[in-house]
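The following exchange examines a structure through its core, its helix packing and its backbone. The sequence and structure are shown first.

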Amino acid sequence: MTLDVTLLAKLAEWRPDGGRQTLHLPDEGPGWGVTLTADRADELGCLAWEMTLRRSAPHPGGDAVALRAWAERIAARARGLLETLKVVEVDAERDEAILRSDTPAAKGEERFYYEVHLQGRGLASIRRFRGTLAAPKRRAQVVFALTHEALARLAADLTAER
């Protein structure tokens, strides 16, 4: 069973019983495990705090070309979010990449954006942040609402090899 199908099935059953809780799907073969932290979930979707995907057999790392290709693949594929993603930085020395919303959502002075953090081709996480025009260097992490289907598709997009 593929990662997105497995995640979709688990999300259909998952009902956190109040407060922030975590759903952990360990990898059951050579592939990816998922950890989803959410404030609430129902039969259609959830208020996610963070989704992290960890490869069971991490890539050796140190390959800036492969890391950039992974980041660009995610930017091109991830279409289930409110905003499209763009590659902001690829740090070959640290073996990390950052993607953010291309055009943050605006609500008055506030700006909301997604951030994807990639590490060593073996770890990917997505969060959402809120910032303001008055204090652009300050930001706060916020929950983001996605349907189960969008979360499963996002997991597939973050882990796609091609």
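**Core, helix packing and backbone**

Reader: Which residues touch the most other members of the largest nonpolar core?

Author: This is a predicted model, in which local features need pLDDT of at least 70, side-chain atom pairs count only at pLDDT 80 or more, and totals for chains, interfaces and linings use all residues. Residues are numbered from 1 along each chain as its sequence is written, and side-chain values use heavy atoms, with hydrogens and water left out. A nonpolar core joins buried Ala, Val, Leu, Ile, Met, Phe, Trp, Tyr and Cys residues through side-chain atoms within 4.5 Å, where buried means under 20% relative accessible area (1.4 Å probe, protein chains only). Of the 36 residues in the largest such core, those touching the most other members are Met-51, Leu-118 and Ile-126.

Reader: How are helices α1 and α3 oriented to each other?

Author: Helices here are DSSP runs (H or I) of at least four residues, numbered from the N terminus. The axes of α1 (residues 3-13) and α3 (residues 148-159) lie 8 Å apart at an angle of about 150°, on a scale from 0 to 180 degrees between N-to-C directions of lines fitted to C-alpha atoms over the stretch in contact (heavy atoms within 4.5 Å). Angles over 145 degrees count as roughly antiparallel; α1 and α3 are therefore roughly antiparallel.

Reader: Which residue has a positive phi although it is not a glycine?

Author: The residue is found in the loop between β4 (85-91) and β5 (96-101), strands being DSSP runs (E) of at least two residues. At 15% relative accessibility, this residue counts as buried. Its phi is about 55°, and the residue is Asp-95.

Definitions and conventions:
Buried means under 20% relative accessible area, exposed over 50%, partly exposed in between (1.4 Å probe, protein chains only). Angles under 35 degrees count as roughly parallel, over 145 as roughly antiparallel, 65 to 115 as roughly perpendicular and the rest as oblique.
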